Amino acid sequence: MPTVVKGVISRTKNAPTELVDIVIPEPGANDVVVKVSTCGVCHTDLAYATGGINDEYPFLLGHEAAGIVESVGEAVTHVEVGDYVVLNWRAVCGECRACKRGRPWYCFDTFNASKPMTLTDGTELSPALGIGAFAEKTLVHEGQCTKVDPDADPAVACLLGCGVMAGLGAAMNTGNVGRGDSVAVIGCGGVGDAAIAGAKLAGATTIVAVDRDPNKLAWATDLGATHTVDASAVADVAEAIKELTDGFGADVVIDAVGRPETYQTAFYARDLAGTVVLVGVPTPEMRLEMPLVDFFSHGGSLKSSWYGDCLPERDFPMLIDLFLQGRLPLDKFVTERIGIDGVNEAFKAMEEGRVLRSVVEL
């Protein structure tokens, strides 16, 4: 039978979110109903609410979640009732051209649930990133569930569902940071600080954090930055980074902001054959104008990182194990724990830079 639960929706562009009754249908053959334990408040949820993604309202917000499998469809083999899982929005298909070429982190046909969740009047909801987890329960495809060690605090584990994984992966997967490398991270919110933690874990010896907010620079230092640059206090951020890397520039520069000016800074702050990783998400109207000869005269790589180029089945359990071993301080990203009725205030705190992550506990 369908189940009625509480969930947070965005009904129209820029309107405050609402806590309403939503209907969770019986799972289809490969679907899973997950009882949500926690869900991080991610900037992507705010982008849905404000119309920055698309206009397919109403949205069921939330996607950075952990919980317990409550029921499964008749064809589900990937998880069982009672499994402790982190939800992901990259349930790879295994059949598209990216998967067949051995690059499943670029999968073009990821899976979602076969049935829509709805309001009680039958209005279909668009779940954020195919998940919709600001709710007591949610319906997802079995491939969107990744089993992890149940000893991990759900408020910590859920963060791998999006932002923290994006930052860790930008350093470890896309940037391929290695022992002895120098790394600069521009933008020290949740994603940027996760990139700093990832760079430290990978063995980088010089890690430069760049931001305008002293609180964010303090967070970055706590998570592994060896140097900080206050972007509001220097004339040229790229030159400041070079001064901290023996005059050469960093081996890997990660742009966690995603604006033309920060990308240009990242380009000129890298070593001659260094790597730039863009993980901050630009808006469609942004344009970049730079001399083409500068691209010709620099080697190295210019990369974009989608979801940290992660494979949830590979990365989530490993990262949770590292957290439980005390080698990856994921708990430092949890700034506050809130109830499901606190999402609007959490959005405000995020916009004002007061939190790395607010986590909804259900």
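How are helices α4 and α5 oriented relative to each other? They turn out to be oblique, a label for angles left over once those under 35 degrees (roughly parallel), over 145 (roughly antiparallel) and 65 to 115 (roughly perpendicular) are set aside. This is a predicted model, so to speak of local features takes a pLDDT of at least 70, and side-chain atom pairs count only at pLDDT 80 or more, while totals for chains, interfaces and linings use all residues. Residues are numbered from 1 along each chain as its sequence is written, and side-chain values use heavy atoms, with hydrogens and water left out.

Back to the helix pair. Helix α4 covers residues 163-174 and α5 residues 190-202, and they pack at about 45° with axes 7 Å apart. Helices here are DSSP runs of H or I with at least four residues, strands are E runs of at least two, and both are numbered from the N terminus. Axes are lines fitted to C-alpha atoms, for helices over the stretch in contact, and angles run from 0 to 180 degrees between N-to-C directions. The crossing of α4 and α5 is right-handed, the near helix being turned clockwise from the far one by less than a right angle. On the α4 side, the residues taking part include Leu168 and Met172, and on the α5 side they include Val191 and Leu201; contact means heavy atoms within 4.5 Å. Sorted by type, the residues of this contact are eleven nonpolar, three polar and no charged. Nonpolar covers Ala, Val, Leu, Ile, Met, Phe, Trp, Tyr, Cys and Pro, charged covers Asp, Glu, Lys and Arg, and the others, Gly among them, are polar.

Next come the strands. Strand β6 (residues 84-87) pairs antiparallel with β5 (residues 64-72) over three bridges, and Val85 is the bridge partner of Gly67. Strand β6 also pairs antiparallel with β10 (residues 145-147), again over three bridges, with Leu87 matched to Cys145. Pairing requires at least two DSSP bridges between two strands. In β6, Tyr84 and Val86 point one way, Val85 and Leu87 the other, and all are buried, meaning under 20% relative accessible area (exposed is over 50%, partly exposed in between; 1.4 Å probe, protein chains only).

Elsewhere, five strands make an open sheet with mixed pairing, ordered β7-β2-β1-β4-β8. Within this sheet, β1 (residues 3-10) and β2 (residues 18-24) run antiparallel, joined by seven bridges, and Thr3 sits opposite Ile24.
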